[in-house]
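This briefing covers the make-up of one chain and the place where helices of two chains meet. Please look through the sequence and the structure before reading on.

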Amino acid sequence: MIRETPEISAGSMADIAFLLLIFFLVTTTMDVDSGIVRKLPPPLDKNITPPKIIKRNIYTVLINSADMILITVKGQEPKPGNIKTLRRDVKEFLRPHYPDNPNFPEVEDLVLEINGRKIPYHKSKGIVSMQNDRGTSYKIYIHVQNELAGAVRELRDELSQQYYGMTFKELLKSDEKAAKQIQKAVPMAISEAEPADFGGSK
Amino acid sequence: MSKFKKDGKKKLPAISTASLPDIIFMLLFFFMVATVMREVELKVKVTAPDASEVQKLEDKSLVSPIYIGKPTKALQAKWGDEDRIQLNDAFAEVNEIRPFVEEKIAKIAEYKRKKHMISMKVDENAKMGIVTDVKQELRDANALKINYSTRKGFDAKK
């Protein structure tokens, strides 16, 4: 005699699906990779001598193996730097000073095209040079990079606010051409020194 | 005399839950598709340093990670506790970076190659020596766009 197979209840299907759902909910990591984006200089060409940069235009940030910062600017005694004030100091250094002030970097005349108008601008030729030891910790290196990037970003924001009434980030999204003008006026003037051999033989 | 006089005895009909599994399945499929399992097993311990001036990386397929840090506890007996480089899922030496970069670039469609980026996932306690070596090697390999992977939340004033 054939027995009728009883129907399987589908009532618990929702529970099973819930269980799976919760598993995937928990394991999903929607982490987007984020960080400080930098461009490395192309490899050195021995035939080309790097352009000479006047001492006055360089702001040197040196980090030693004990993670201490030393700031050197022309005309001043080298002084220990502080991560708390670094951003403010770098901003002050990179802000164009016109008319020419021997205590600050040279300025270069530039014409910006803003909203169809030509506006004269004095771009600072200042460069921040960063140098670190092999024993420097990565953490302090990133913190200094962060502050330098922050200084440039804030200067760009100021200019962008003045002419377009929005931050540089917003401008980059809405009007790339205008953002290029701001970038031209405030370049990312951060350079890293070629790694030097400290006492090693090669 | 209202037309819509309530029929006191009628009960509210129960809401059918028959479609509940379907809804749940839909959500389930969404999360199954969205879930990205980590492709490589980390052999080094990486705690990214914190920073505030961060940018998001958009297209993951254009980013190749390089991990630098100390080997995990279980691997320290064999590999020591010096900072090491991990490419794909194996420890590597500095001179293996160039083939690694070339291999990664070859996998990308030609018109997108310019956007290729190296993401440096370096432990905050690592020393700059090894990072500088890697950077020099990347320059020679012509992989100039790099990203220092960081966490959010740094405030220099604190």
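Chain B contains four helices and nine strands. The model described here is predicted. The points below take chain B by itself, then its helix contact with chain A.

**Fold of chain B**
- Along the sequence, the helices and strands of chain B are arranged as α-β-β-β-β-α-β-β-α-β-α-β-β.
- Among the contacts in chain B that join residues at least 6 apart in sequence, 70% are between residues at least 24 apart.

**Dimensions and burial of chain B**
- The radius of gyration of chain B is 26 Å, whereas a compact globule of 158 residues would have one near 15 Å.
- The C-alpha trace of chain B spans about 90 × 40 × 40 Å along its principal axes.
- Buried residues make up 40% of the 158 residues in chain B.

**Helix contact between chains A and B**
- Helix 1 of chain A (residues 13-27) and helix 1 of chain B (residues 20-34) have axes that come within 9 Å and cross at roughly 20 degrees.
- Because angles under 35 degrees count as roughly parallel, helix 1 of chain A is roughly parallel to helix 1 of chain B.
- The crossing of these two helices is left-handed.
- On helix 1 of chain A, the contact is made by A:Met13, A:Ala14, A:Ala17, A:Phe18, A:Leu20, A:Leu21, A:Phe24 and A:Leu25.
- On helix 1 of chain B, the contact is made by B:Leu20, B:Pro21, B:Ile24, B:Phe25, B:Leu27, B:Leu28, B:Phe31 and B:Met32.
- By type, the residues of this contact comprise 16 nonpolar, no polar and no charged.

Conventions: Residues numbered from 1 in each chain as written. Chains lettered and ligands numbered in written order. Predicted model: local features only at pLDDT ≥ 70, side-chain atom pairs only at ≥ 80, totals over all residues. Heavy atoms only, no water. Axes fitted to C-alpha atoms, helices over the stretch in contact; angles between N-to-C directions. Parallel < 35°, antiparallel > 145°, perpendicular 65-115°, else oblique. Left-handed = near helix turned anticlockwise from the far one by under 90°. Contact = heavy atoms within 4.5 Å. Nonpolar A, V, L, I, M, F, W, Y, C, P; charged D, E, K, R; others polar. Rg over C-alpha atoms; globule rule 2.2 N^0.38 Å. Buried < 20%, exposed > 50% of the residue type's maximum accessible area, 1.4 Å probe, protein only.
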